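Reader: I have a structure in front of me and would like to learn how to read it. Where do we begin?

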Amino acid sequence: MYDFLLGGRMRPSQSSVFTFLLIIAGTVIASSSLGFTQATASNDSSGSPQTFKLIPSLDKELMDTAVDPCVDFYQYACGNWSKLHPIPNDSPYSDQFYNLDQYNRQVLHGILDKAAMAGSERDANTQKIGDYYAACMDEAAIQQKGMAALKPELDRINALSSKGQLPELLAHFQMINVNAFLGFGSQQDFKDATREIAAVSQGGLGLPEKDYYLRTGAKDEEIRKQYVQHIANMLKLLGASEAQAASEAQAIMKLETALAKVSLDITSQRDPHNIYHLMPNSGLQSLTPVFNWEHFYPTTGSPSFSEINVAEPEFFRGMNQVIADADLATIKSYLRWQLVASLPGTVLPKAMDEEQFDFGGRKLAGIPEQEPRWKRCVGSTDGALGEALGKAYVEQEFPASSKEKSLQMIHDIEAAVERDIESLDWMSPDTKKRAQEKLHLIANKIGYPNKWRDYSKLNVERGDALGNSLRATEFESHRQLDKIGKPVDRDEWGMTPPTVNAYYSDSMNDINFPAGVLQPAFFDAAAPTGLNYGHIGLFMGHEITHGFDDQGRQFDGHGNLTDWWTKEDADKFTEKAACIVNEYSQFSVGDTKINGKLTLGENTADNGGMRLAYMAFLARAAEQGLDLDRKTADGYSPIQQVFLGFAQDWCAVWRPELERLVATTDPHSPDRFRANGVLVNMPEFAKAFSCKKGQPMVAAKACRVW
Ligand SMILES: [Zn+2]
C-alpha cells in the first residue's frame with residue numbers, strides 16, 4: 001500500500017516504524033499528512049483550544065510573492081506558511097494534511113460527544129463508538145484501575161518456565177498486537193491475488209528501524225542512550241527496582257540489537273521479491289529449530305493452512321539464534337517491555353502515559369506537549385471502530401455530489417494515462433498493450449466502503465479503557481487471520497473514511513480515496529478547475545502512477561507479481577528511474593541526505609501524477625472552453641492555477657527532530673522537494689511562469705519516466 005505520508009506497503013503486520021509512531025509518538029504522525037486549513041494558528045495564553053478551519057483552494061496569504069517563482073517555486077507558493085500556521089506545541093509539524101486532519105478531528109469530536117451520551121435509544125454502533133470514546137476520556141477510572149487489567153498478561157510472562165513454552169505465549173501476544181520477535185497475519189498471495197495466505201514477518205524492535213540500533217554518530221548514540229533509559233523507566237513503573245530495571249534494560253537493548261542485525265533494511269523491502277518466500281509450513285519450521293510453530297498456530301485461533309509466506313527467511317534464521325543465545329530471564333524482561341510498549345498511552349496510568357510520550361514524542365519527534373486527551377481518544381476510537389465512526393462521519397459530512405465529481409476527475413486522469421502510455425517513445429507496443437490492460441483493471445474506490453464492517457462481536461464497555469483496547473485489537477487480529485484460505489474481499493478498505501490520505505494497493509490494483517481527503521483545499525466542487533486538478537488531481541495521478549512505479553510495475557492488472565515487460569522496455573524503465581534516483585539524492589535536510597532509492601516509488605508517483613493531472617486538466621479545460629492563459633479573478637491564469645494548487649499541497653513546516661526521523665525512514669521526500677523536484681522536470685511549468693534555461697526551477701537535464 002502506498003499513501004501520501006508515512007506508511008508503506010501493506011504488510012502482514014505493521015512495520016515497526018508505523019507501530020512505533022502510532023503507539024509511542026501518538027497517532028498524529030502516522031495518520032495525517034494531507035491537510036489543509038485556514039487555521040487560527042496560535043494557542044492563546046489562556047489555553048483555550050485551537051480551532052482549525054478549511055483552507056481555500058488558492059490561499060494567496062500563504063504565498064511569498066517577493067520570491068522569484070523561477071528561483072524557488074515552493075517558497076513562492078508557501079513562503080508564509082510557517083508564519084500563518086506555526087507548529088502547535090502538541091505537534092511535530094504543521095502542513096496542509098495536518099490541518100485538514102485536525103479539522104476532521106473536531107468534526108469527529110462532535111459526533112463522539114453526542115454518541116457518548118448514554119441512553120437506551122442508541123443503536124449498536126453508536127453505543128460502541130460512544131462508550132469506547134467515553135471510556136478513553138475517563139482518566140479517573142483509568143488511573144484508579146492502574147495496571148490491574150494487565151495483570152493476567154504479566155502473569156503469563158511470569159509463568160514462562162522454559163523457552164519451549166515461548167510459541168504459545170507469543171501467539172497469544174500476537175493477537176493483542178504485541179509483535180515481540182515477529183509479526184503473524186494474512187496477506188494476499190503476491191503470485192495469486194485471488195487468495196489470502198498466512199504470512200510471518202520480522203518484528204520485535206522498539207526503535208523505528210534497524211539502522212537506529214546500528215548507525216554510528218553522536219545523535220544516534222544519544223537516542224540509544226535515551227531509549228535504554230526509557231525502557232528502564234517503564235520497567236520501574238511496572239515494579240522493578242532501580243538497579244534491576246537498569247540491568248534489564250541493557251539486556252533488552254542487546255537482544256533488540258541482535259534482532260536488528262538480522263532484519264532486512266527498508267530499502268531492500270521495496271522489492272516485492274525480497275519479501276515473498278512462499279513455503280510449506282515445514283520450511284519455516286526448519287529455519288527455526290528452537291521455535292515449534294505447531295504450538296504457535298493453534299493458539300492464535302487461525303484457520304489451518306499448509307503453506308506460509310516467510311517474508312524475510314534470513315531474519316527467522318537469525319531470530320532462532322537470538323532465542324537460542326538469550327537466557328530465559330532476559331526473554332521475560334523483553335516480553336514485559338514489548339507488552340507495555342504496545343499499549344496506547346491513553347489507556348495507561350498517568351505516569352506511564354507521560355513516560356511514553358517523553359521518549360516517543362518529546363525526545364524522538366521533538367514535540368513539547370502531549371495532545372489534549374480528546375484528540376487522542378478521537379484517534380483511538382477511529383483506530384478501533386473506524387468504520388462505525390466512519391459511517392456516522394460520512395452521513396454527516398460527505399455529500400453524494402463530492403463522490404460524483406471526484407469520480408469524474410479520476411476518469412479524466414485515467415483517460416490521460418491512456419494517452420500518456422500511447423505517447424511514450426521508449427516503450428514497445430507489446431508492453432504498452434499490457435500497461436493499458438492494467439490501467440483498465442484499476443478499481444476506483446471513493447469515499448467509503450460499499451459494505452460496512454460488522455462490529456457486533458466486539459464488546460465495548462464504558463469505564464474499561466484498557467479492556468476495550470485489548471478486545472478491539474484482538475477482534476481485528478481475528479478478522480485478519482480469518483481471511484486465510486478464503487477468497488479475497490475486493491470491497492475491503494485499508495483506511496477509514498475520515499482519514500486524510502489515499503492509497504494504491506499492488507495486489508488489489510485499486511486506488512482508495514477516503515471521504516476525509518475530499519475536502520478543501522484539496523478538493524472543492526466550487527473551486528476553479530485548474531486548482532482542483534493541481535490539488536486532488538495530483539493525488540489521483542500519484543496513486544495511479546504507483547501501479548507503474550519500480551514496485552507497482554512488477555504486478556499485473558489482476559494484482560499478480562509477474563513480469564509483463566519485455567527485457568528491453570524494463571531496461572529502459574530502469575534507466576529512466578535512475579535519473580529520478582540521482583535527482584533526489586542531491587537533496588538533503590540538515591545534515592541528512594535524502595535516500596533516492598528508498599524514495600524512488602513516491603518520487604516517480606509525484607512526477608507521473610503531476611503530468612497526468614496536467615494532461616487531464618487540459619482536456620477538461622478544452623471541454624469547458626477555458627482560456628488557459630488569461631488571468632482570472634485571483635490574478636492567475638488557469639494554467640498557473642494548476643501549478644499553484646499543486647505546490648500548495650506541500651506547504652509545511654517540520655520540527656528538526658521529525659525531519660531527521662523521517663529523512664531516514666520515510667519513502668516520501670520532504671515537502672519542499674515534492675514540489676520543486678517535480679516542477680523542475682516540467683517544461684510546461686517553465687512556460688507558465690516564464691522561467692528560462694539556467695534558472696534553478698528549470699532542470700539542466702529533466703527526468704521523466706511516465
Ligand atoms: Zn505514494
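Author: We begin with a term: a pocket is an open set of grid points with protein on both sides within 12 Å along at least five of seven lines. The model here is predicted. Its largest pocket has a volume of about 550 Å³.

Reader: How many residues line the largest pocket, and which lie nearest its centre?

Author: The lining holds 20 residues, and nearest the centre lie Arg 453, Asp 454, Arg 479, Lys 483 and Asp 489. By type, the lining of this pocket divides into 13 charged, five nonpolar and two polar residues. Helix H21, residues 465-481, supplies the largest share of the lining, with three residues.

Reader: How should I read charged residues that come together?

Author: The general idea is that side chains of opposite charge can pair when their charged atoms come close. In this structure there are 41 salt bridges. One of them joins the side chains of Arg 453 and Glu 387, at 3.4 Å from N to O. Arg 453 sits in the loop between strand S7 (443-447) and H21, while Glu 387 belongs to helix H18 (residues 373-397), so the pair ties together parts that are 66 residues apart in sequence.

Reader: Are these two residues, Arg 453 and Glu 387, buried or partly exposed?

Author: Arg 453 is partly exposed, with a relative accessible area of 21%. Glu 387 counts as buried because its relative accessibility is 6%, and the cut-off for buried is under 20%. The two also belong to a network of salt bridges that links Glu 387, Arg 453, Glu 476, Arg 479, Lys 483 and Glu 492.

Reader: What separates Asp 101 and Arg 105 within helix H5?

Author: About one helical turn separates them, because Asp 101 and Arg 105 are four residues apart in helix H5 (residues 96-115). They form a salt bridge in which the closest N and O atoms are 3.2 Å apart. Asp 101 is buried at 7% relative accessibility, and Arg 105 is buried at 4%. Another salt bridge joins the side chains of Arg 122 and Asp 131, at 3.2 Å from N to O; both of these residues are buried.

Reader: How do I find empty space that is closed off?

Author: Rolling a probe the size of a water molecule over the atoms shows where empty space is left. A search of the whole structure finds nine cavities of 30 Å³ or more. The second largest cavity has a volume of about 80 Å³. Its lining includes Ala 135, Ile 142, Lys 145, Val 347, Asp 464 and Leu 466. Two elements give two or more residues to this lining, helix H7 (139-145) and H21. H7 gives the most, with three residues. The lining residues of this cavity divide into seven nonpolar, two polar and three charged.

Reader: What should I look for in the backbone?

Author: Most residues other than glycine have a negative phi, and most peptide bonds are trans. Asn 177 is not a glycine, yet has a positive phi of about 70°. Phe 181, also not a glycine, has a positive phi of about 65°. Asn 177 is in the loop between H9 and strand S3 (182-189), and Phe 181 lies in the loop between H9 and S3. Asn 177 is partly exposed at 28% relative accessibility, whereas Phe 181 is buried at 0%. A cis peptide bond, with omega about 0°, joins Pro 520 and Ala 521. Ala 521 is in the loop between strand S9 (510-514) and helix H22 (529-546).

Reader: How far apart in space are Glu 168 and Glu 294, and how far apart in sequence?

Author: Their C-alpha atoms are 9.3 Å apart, with their positions 126 residues apart in sequence. Glu 168 is in helix H9 (residues 166-175) and is partly exposed at 32% relative accessibility. Not counting residues up to four places away in sequence, Glu 168 touches His 295 and Thr 299. For another pair, Lys 567 and Ile 442, the C-alpha atoms are separated by 24 Å, and the residues are 125 apart along the chain. Lys 567 is in helix H23 (residues 567-585) and counts as exposed at 62% relative accessibility.

Reader: What is the predictor's confidence in this chain?

Author: The mean pLDDT of the chain is 92, and 93% of its residues reach 70 or more. Over residues 5-48, pLDDT stays under 50. For that stretch the model has 163 contacts beyond four places in sequence.

Terms used:
Residues are numbered from 1 along each chain as its sequence is written. Side-chain values use heavy atoms; hydrogens and water are left out. On a 1 Å grid over the protein atoms alone, a cavity is a set of points where a 1.4 Å probe fits but cannot get out, and a pocket is an open set with protein on both sides within 12 Å along at least five of seven lines; lining residues have an atom within 4 Å of a point. Grid points are joined across faces, edges and corners, and a volume is the space filled by probe spheres set on the points. Ala, Val, Leu, Ile, Met, Phe, Trp, Tyr, Cys and Pro count as nonpolar, Asp, Glu, Lys and Arg as charged, and the others, Gly among them, as polar. pLDDT is the predictor's confidence in each residue, from 0 to 100. Contact means heavy atoms within 4.5 Å. A salt bridge is a side-chain nitrogen of Lys or Arg within 4 Å of a carboxyl oxygen of Asp or Glu. Buried means under 20% relative accessible area, exposed over 50%, partly exposed in between (1.4 Å probe, protein chains only).
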